[in-house]
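Me: I should like a close look at the aromatic side chains of this protein and their surroundings. Please give one connected account.

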Amino acid sequence: MWKRSLSARYTCYGCRSVGPKGLWGYHAVRSCSAPALPAGRITARQAADLWERHFAERGVTEPDHSSHYILAYLLGAKTIESLEQGKLTEFLSPEKTEQMWKLCSKRLSRMPVQYVIEEWDFRDLTLKMKPPVFIPRPETEELVELVLTDLQMKPGTEVGTQETCLEVGCGSGAISLSLLKSWPQLKAIAVDQSQDAVDLTGENALRLGLQDRLQIHHLDVMKDAETVLSLCSSVSVLVSNPPYLFSEDMTALEPEVYRFEDHAALDGGNDGLEVIKHILTLAPQILSDHGRVYLEVDPRHPPLIQRWVEVNVEEMHYVETRHDISGRPRFCILRKEKSNKDHKLDLD
């Protein structure tokens with residue numbers, strides 16, 4: 001696995017941030033040129049060190065991680081630490097040297113490492129990555145753990161019990177596919193407004209052999225609410241890592257995020273709640289009685305969401321706020337308390 005510490009303030013490798021969506025940086029990038037290919041032979045360690053220095057000189061964030069992950073990928077390992085030490089002192093073949101320069105030149109443009117090497121790990125899955133599909137963050141691994149823990153604690157529920165989950169904004173499929181792998185009898189429906197995301201989720205499901213338990217639809221919950229309702233009824237879990245950045249914060253994104261990831265997966269409107277309000281308004285019509293909603297949100301959002309739901313969605317009860325590993329209020333859990341009757345959409 002491509003291991004990262006969950007305590008690290010990670011966005012996509014090469015992004016400084018104080019939050020999982022990629023704040024606070026500036027998306028302007030200096031023009032950078034790659035160093036010339038070496039005239040002679042070069043060892044793996046020398047290549048990694050050369051590119052680490054070059055990344056640092058050109059202002060590329062996390063230069064050590066960037067060069068190390070690219071080298072490890074080329075040598076068939078997950079991390080440079082997992083390589084046999086002798087491998088680092090061996091000369092790279094001309095083909096490997098050329099590949100190293102090609103991939104590192106992409107990173108020099110501030111392309112995230114996940115897109116450069118075209119894969120990344122999420123929990124115990126290795127997922128294909130393609131721009132501009134949103135790169136899953138470690139906080140979302142915590143969101144999956146919350147759902148699984150609650151499923152295990154649900155009265156009368158155990159692994160093997162049939163449950164259905166709806167994921168809104170599936171991206172690469174990380175959440176749905178992780179849940180499916182961990183809960184063998186679970187079935188999932190995943191929707192996303194991006195065709196790129198839908199295609200990538202399908203590709204990852206096929207690679208993992210989970211395609212028979214996952215329905216994937218190209219739908220926007222803000223524009224296709226009726227279609228979503230017709231496809232989804234009586235699901236026990238609704239989970240989402242929706243776009244939740246405040247629009248004004250988009251200009252503070254790091255170049256890796258601003259230039260390469262889908263803005264529609266990031267920008268949640270003026271208050272960051274535009275998509276979240278739609279999800280919560282639809283939730284009573286989708287969930288079975290006592291079904292739950294699990295949301296990953298901005299740390300400023302939980303009290304705003306709780307107040308809004310109390311006023312606008314009487315069928316939903318705000319259960320609790322959970323904190324992420326760094327102590328920020330990151331996850332909202334809500335529960336449907338009674339059957340919905342002709343609920344009116346009210347997004348004001």
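Is Phe 55 buried or exposed, and what is its relative accessible area?

Reply: In this predicted model, Phe 55 has a relative accessible area of 0%. Because buried means under 20% relative accessible area, Phe 55 counts as buried.

The surroundings of this residue begin with an aromatic partner. The count of aromatic pairs comes to 3. One of them joins Trp 51 and Phe 55 in a tilted arrangement, with 5.3 Å from centre to centre and 45° between the planes. Planes under 30 degrees apart would count as stacked and those over 60 as edge-to-face, so an angle between these limits is classed as tilted. Both Trp 51 and Phe 55 belong to helix 1, which spans residues 44-57, and they are 4 residues apart, about one turn of the helix. Trp 51 is likewise at 0% relative accessibility and therefore counts as buried. Together with Trp 101, Trp 51 and Phe 55 make up one aromatic cluster.

A further aromatic pair is formed by Tyr 69 and Trp 120, which meet edge-to-face at 5.3 Å centre to centre, with 65° between the planes. This pair links distant parts of the chain: Tyr 69 is in helix 2 (residues 63-74), Trp 120 is in strand 1 (residues 119-122), and 51 residues separate them. Tyr 69 counts as buried because its relative accessibility is 8%. Trp 120 is buried as well, at a relative accessible area of 0%.

An aromatic ring also takes part in an arrangement with a charged side chain. Arg 300 lies over the face of Phe 246, at 3.8 Å from the ring centre.

The account may be extended to a helix packing. Two packed helices are described by the angle between their axes and the distance between the axes. For helix 6 (residues 138-153) and helix 7 (residues 174-182), the axes come within 10 Å and cross at roughly 40°. The two helices are therefore oblique to each other, and the crossing of helix 6 and helix 7 is right-handed. On the side of helix 6, Thr 140, Leu 143, Val 144, Val 147 and Leu 148 take part; they meet Ile 175, Ser 178, Leu 179 and Ser 182 of helix 7.

Within helix 7, Ser 178 counts as buried because its relative accessibility is 0%. Leaving aside neighbours within four places in sequence, Ser 178 is in contact with Phe 122, Arg 123, Leu 125, Val 144 and Gly 173.

Methods:
Residues are numbered from 1 along each chain as its sequence is written. This is a predicted model: local features need pLDDT of at least 70, side-chain atom pairs count only at pLDDT 80 or more; totals for chains, interfaces and linings use all residues. Side-chain values use heavy atoms; hydrogens and water are left out. Rings of Phe, Tyr and Trp (its six-membered ring) pair if their centres lie within 6.5 Å; planes under 30 degrees apart count as stacked, over 60 as edge-to-face and the rest as tilted. Buried means under 20% relative accessible area, exposed over 50%, partly exposed in between (1.4 Å probe, protein chains only). A charge sits over a ring if NZ of Lys or CZ of Arg is within 6 Å of the ring centre and within 35 degrees of the ring normal. Axes are lines fitted to C-alpha atoms, for helices over the stretch in contact, and angles run from 0 to 180 degrees between N-to-C directions. Angles under 35 degrees count as roughly parallel, over 145 as roughly antiparallel, 65 to 115 as roughly perpendicular and the rest as oblique. A crossing is left-handed if the near helix is turned anticlockwise from the far one by less than a right angle, and right-handed if clockwise. Contact means heavy atoms within 4.5 Å.
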